[in-house]
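Trainee: Could you take me through one part of this structure closely? I would like to see how its helices and rings come together.

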Amino acid sequence: MTTQTKHFENTTILVTSATGKTGRRVAERLAARGATVRAGSRSGATVFDWEAPETWAPALRGADAAYVAYYPDLAAPGAVEAMETFGRLAAENGVRRLTLLSGRGEPEAVLAEEALRAAASGAELTVVRAAFFAQNFNEGLLAEGVAEGAVVFPAGDTAEPFIDADDLADVVVETLTADGHAGRVHEVTGPRPVGFAEVAAEISRASGRPVVYRPVSETEYAQLLAGFGLPAGEAQWLAALFGALLDGHNASATDGVKRILGREPRSFTEFAAEAWGGPGA
């Protein structure tokens, strides 16, 4: 665990995708530590849109550090070019420290990581490769299905060491506010792999209502996403990405959270109890 935490009262940090699952949490934690936070979003006080590169330089200007959470995913087409441009602008504007959110086991994402590292030469870059978020079941793409009683996903019987977004945000803040992380790649997960059937059982137990896991093929999942209004090409790409990530090669836990924060990550059981338990569940 890093102990050389800096005083950030006079530090300005840009948080990209600041209304997202991780960006919102990172921004709140940085503000609590006394940093001046630029919460970048399409409609906020700091305008930042990954689909509008003209918004990047104004948001970076005068910032000391930045949390880089690329949308839709670092493995997406165009991510390498986006990281090259963003990194160049960060260097030109004197940004000294960058933390990049990446995914575990995504070869295409590694190319984007390398592009940012090369373009932002002179800046301290830390890469945080995260497992699948536990919050995807109550804040993300799976939340609607869960509310209707089913986890529908192309994961077969593969297990995943889901990470709590609060743990991830704590890790990101540590890398932005403490020394010793420059040039490092941290892989962060929950404490153990959990199968999707077990996820459904944990949600059922916490909420007091039945939730089942219904595995589907990549093709079926793409059709399901298209039925919700996602463009067909994007739906097919997303389904293929999930199929590739959940083929078993990520079904192991790491000690990343404990090494960085000095404590164990929160389990899916603990997450579910908080998310679905209590009055009104």
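Mentor: Happy to! Let us begin with a definition: the axis of a helix is a line fitted to its C-alpha atoms over the stretch in contact, and angles between N-to-C directions run from 0 to 180 degrees. Keep in mind that we are looking at a predicted model.

With that in hand, look at α8 and α9, whose axes are 8 Å apart and meet at an angle of about 140 degrees. That makes α8 oblique to α9, since an angle has to be over 145 degrees to count as roughly antiparallel. The crossing of these two helices, α8 and α9, is right-handed. On the α8 side, the contact is made by E218, Y221, A222, L225 and A226. On the α9 side, the residues taking part are A235, Q236, L238, A239, A240, F242 and G243.

Now follow α9 inward. The largest nonpolar core of the model has 34 residues, and α9 gives the largest share of this core, six residues. Two or more residues also come from each of β7 (150–153), α7 (196–207), α8 (218–227) and α11. Within this core, the residues with the most contacts are F137, F153, F162, F196 and F268.

Two of those names, F137 and F268, deserve a careful look. Both are buried. The structure holds 24 aromatic pairs, and F137 with F268 is one of them: the ring centres are 5.7 Å apart and the planes stand at 85 degrees, so the pair is edge-to-face. For that label the angle has to be over 60 degrees. F137 sits in the loop between β6 (124–130) and α5 (143–147), while F268 belongs to helix α11 (residues 268–276), so their pairing ties together parts that are 131 residues apart in sequence.

The rings go on from there. Ring pairs link F137 and F268 into a cluster with F132, F153, F162, F196, Y213, Y221, F242, F271 and W276. You have already met Y221 and F242, in the contact between α8 and α9. Leaving aside residues up to four places away in sequence, F137 touches F132, L142, A143, V146, V151, F162, F196, V199, I203, F268 and W276.

Among those neighbours, V199 and I203 lead us to a second helix pair, α7 and α11. In this pair the angle is about 40 degrees and the axes are 8 Å apart. These two helices are therefore oblique to each other as well, and the crossing of α7 and α11 is right-handed. From α7, V199, E202, I203, A206 and S207 meet F268, T269, A272, A273 and W276 of α11. Notice F268 again: it takes part in this helix contact and in the edge-to-face pair with F137.

To finish, here is a spot that is not buried. G183 lies in the loop between α6 (165–177) and β9 (185–188). At 55% relative accessibility, G183 counts as exposed. Its C-alpha atom is 5.4 Å from that of T126, although G183 and T126 are 57 residues apart along the chain.

Conventions. Residues numbered from 1 in each chain as written. Predicted model: local features only at pLDDT ≥ 70, side-chain atom pairs only at ≥ 80, totals over all residues. Heavy atoms only, no water. Phe/Tyr/Trp six-rings, centres within 6.5 Å; stacked < 30°, edge-to-face > 60°. Helix = DSSP H or I, 4+ residues; strand = E, 2+ residues; numbered from the N terminus. Buried < 20%, exposed > 50% of the residue type's maximum accessible area, 1.4 Å probe, protein only. Core = buried A, V, L, I, M, F, W, Y, C linked by side-chain atoms within 4.5 Å. Contact = heavy atoms within 4.5 Å. Parallel < 35°, antiparallel > 145°, perpendicular 65-115°, else oblique. Left-handed = near helix turned anticlockwise from the far one by under 90°.
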